[in-house]
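Here is a quick tour of a chain, from its surface down to its cores and cysteines. Have a look at it first.

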Amino acid sequence: MGFGISGVGAMPAQAALAENPFPAISFKVMNEFVTTNFSSKISLATVLMVLFTLTDNPDLLNLHARQKHPVYPKEQKIYASGWMRSLARGVQFRLGKDTRRLFKSYEHHKDLDDNKFIIALALKLDAFAEALGLTPYDEKGKFQSQLQPVSYKNIQSVRTICPSSFVCEDMDCEPRGLLQATKPRDVPLVTLIKGSTIYENVYVLSGKCSKCDSLYYADHERVKGPHGFIKTYLNSAQYLKVGKTTWVDRIFSNAVISGVYSFHASAAAYTEYWNHSFGNMHSQSKAWVTRRQIWQAFVQESVRSIASMSRMNLELRDQLSIDEVTAEAFSILGENGLIRSAHNHSCSECTQPYKKHPGFIPQQDPAAVVGVDEGQQVPGLRSEVPTLETEGIDLEDNNMDVDSDVDMNVDMDHAPVKMTLMGVRRILQRPSESMPWQPALQRYDQPHDENTSEREKKNYFSPSRFYCVETICAPCGVVIAWTKFDKSESPTKILKFLHDVYPTEESRPAYICIDKACLVLRTSIANKSWDMWSKTSRFIVDSYHYINHRTTDHLCRKWCNPAPLNGSAPNLVVVAKDNYGNPYYQRAYNTQASEQLNSWAGGFESILRRMTPGNFNWFLHVMLVYHTRYVIDRQKKRAEKKRVDEDEDEDEDEDEDEGEGEDEDEGEDEDEGEDIVDEDED
């Protein structure tokens with residue numbers, strides 16, 4: 001007979017830690033000890049610091065007490081054990097000069113050397129611990145029980161959640177003091193989560209202006225508008241309401257967004273993580289959050305964070321559902337997909353100094369690309385496909401002279417050369433996949449470099465309404481804008497998106513990298529929009545897709561090379577040196593940044609596919625904003641580290657120069673000494 005063992009994954013429940021109550025010492029005894037042992041000028045803060053130092057180290061006190069009570073013949077009774085001396089050194093380091101307040105003037109602590117001073121301080125700490133009852137032995141030296149962590153529940157303060165404003169801030173009202181608006185019988189008792197600490201029975205109070213009847217809460221203000229009450233989401237709020245009886249601080253809510261961003265976690269996944277990690281961590285207080293509360297924390301934190309970037313407080317109609325809040329927030333703060341933090345962004349990765357001539361020996365074939373065709377023969381066209389000439393489009397009539405240098409049109413002012421990249425991500429719904437509530441639909445995949453006709457549907461009231469998400473990012477990874485394309489990703493829609501993001505010539509980059517740039521270029525010439533774009537920009541294909549395009553498309557081969565080796569676009573190729581000083585060709589820009597962004601955004605695919613349109617827009621916008629902030633912060637840290645390293649190198653060079661100067665001076669002194677000796681000898 002055979003049998004098998006199958007493992008069932010389960011997370012063990014965390015056992016509640018045993019705790020000792022806070023020392024039940026009377027104020028009289030405490031006062032007598034402080035008065036007798038410490039200086040009369042000691043501050044309350046110093047006394048409390050020493051008190052909590054003892055209560056927070058029960059394990060050390062256990063070790064110290066065991067050395068004070070020897071059991072075996074060779075053991076010695078030590079009052080200032082090494083354990084207590086180590087703690088004394090920590091107290092001395094923390095208090096600094098204020099350590100002298102722990103001694104009476106007649107104890108002459110200034111006359112003690114460092115070792116004797118630490119022993120004297122250790123004896124005081126030992127006496128204080130005995131007075132507090134923080135010892136596992138009784139007065140007769142009999143062992144009772146090992147000390148456990150001290151519970152601070154009995155000394156927890158009574159916490160309240162109140163408005164941060166103390167006067168009415170309505171522009172049409174006087175700055176009157178706010179009245180407490182909540183009746184005593186109606187004051188709610190809620191659970192407050194600060195970081196990972198849980199506080200129960202917290203009072204929530206609201207304020208009211210006696211003149212204009214505006215209501216003030218800890219996280220928002222409620223004023224009467226012409227069409228009903230208006231709710232103002234305060235960016236300065238310290239606490240946020242995420243449930244009927246649950247409030248959280250901004251550390252908790254910010255951790256929710258950071259966790260979702262860093263781990264591509266859904267609200268349900270983060271809920272499970274927090275409950276297992278912190279929900280039952282405290283023996284006295286337990287708080288399990290729900291998925292709805294985590295999503296509420298995400299929305300409440302994100303609307304305030306993005307509103308603060310726009311230097312405004314979000315104002316919406318009162319009593320909106322959470323789905324309505326996300327939809328309204330995106331319409332006001334979404335800026336049609338533009339990322340405000342990326343406005344006017346410029347860095348060394350996405351902007352290069354202008355070059356009129358190539359810094360390398362060019363090849364003849366314009367299809368040769370850096371990193372692929374160096375020292376190799378360029379593959380020829382496999383088949384003749386329709387080009388602009390065969391389609392009846394005259395290049396000369398469309399400001400595209402095949403014998404001219406495109407870069408000359410791009411950089412007339414010799415300004416820094418800037419590039420942006422466009423990427424597509426189908427993250428609303430996978431091809432041919434239906435949601436449980438959708439009928440079976442036939443889905444067609446559109447090749448990225450081919451045109452496709454727009455298919456009519458009976459209705460678009462479903463997650464499959466939009467075909468894809470289109471993004472514009474810089475080569476450094478900073479997201480500039482995003483939008484959704486319905487039904488298809490056509491070159492016409494791409495051109496319109498580019499025009500919406502870059503409405504003026506001054507705002508347009510010199511190079512725009514798109515996986516289907518050859519199609520966009522062909523469409524732009526056909527609909528005459530190339531007359532506008534040719535003054536400032538050039539469309540190129542990213543290096544990943546170009547390798548396949550150039551063997552079948554003459555236009556792409558000629559005009560959309562991302563790093564041509566024939567010198568036609570000197571600002572796309574630079575000459576770098578390896579670790580041995582040997583020169584080599586390098587692409588000036590990372591044309592794969594959009595693909596890298598798409599790979600990162602793909603981690604949210606399973607989350608986004610099941611969201612309502614309003615939640616989808618807001619969630620994706622928030623993640624892209626936080627991603628942009630992360631990339632910019634990372635660049636600043638990298639630049640700061642580089643600056644520090646350069647300063648250190650300069651300091652080392654100066655030290656070496658000074659050392660060489662001192663050696664020369666010493667040599668001159670020796671020469672002078674020899675001359676004096678010679679004269680004496682004469």
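The chain's accessible surface is about 38500 Å², and 51% of that belongs to carbon and sulfur atoms (Shrake-Rupley areas with a 1.4 Å probe; for residues, only the protein chains shown count as cover). This is a predicted model, so local features need pLDDT of at least 70 and side-chain atom pairs count only at pLDDT 80 or more, while totals for chains, interfaces and linings use all residues. Residues are numbered from 1 along each chain as its sequence is written, and side-chain values use heavy atoms, with hydrogens and water left out.

On confidence, pLDDT (the predictor's per-residue confidence, from 0 to 100) averages 82 over the chain, with 79% of residues at 70 or more. Two stretches stay under 50; contacts here are heavy atoms within 4.5 Å.

| Stretch with pLDDT under 50 | Contacts beyond four places in sequence |
|---|---|
| residues 427-438 | 36 contacts |
| residues 457-464 | 14 contacts |

As for the fold, the chain has 18 helices and 19 strands, taken as DSSP runs numbered from the N terminus (helices H or I, at least four residues; strands E, at least two). Of the contacts between residues at least 6 apart in sequence, 70% join residues at least 24 apart. Buried residues account for 44% of the 682 in the chain, where buried is under 20% relative accessible area, exposed is over 50% and partly exposed is in between (1.4 Å probe, protein chains only).

Now for helix H8, residues 291-309. Its 19 residues should span 27 Å at 1.5 Å a residue (times one less than the number of residues), and the end C-alpha atoms are indeed 27 Å apart. Because 15 of those 19 residues are buried, H8 is largely enclosed by the rest of the structure. Just after H8, arginine 311 has a positive phi of about 55 degrees.

The largest nonpolar core (buried Ala, Val, Leu, Ile, Met, Phe, Trp, Tyr and Cys joined through side-chain atoms within 4.5 Å) has 111 residues, and Phe298, Leu498, Phe539, Phe619 and Met623 touch the most other members. Helix H18 (residues 613-681) gives this core its largest share, eleven residues. A second, separate core of 32 residues includes Val91, Ala129, Leu134 and Val150.

How many disulfides does the structure hold? Zero, with a disulfide being two cysteine sulfurs within 2.5 Å. The sulfur of cysteine 173 has its closest cysteine sulfur, in cysteine 209, 3.6 Å away, which is too far for a bond. Cysteine 350 is in no disulfide either, with the sulfur of cysteine 347 nearest at 3.4 Å. Cysteine 173 is buried at 11% relative accessible area, and cysteine 350 is buried at 0%.
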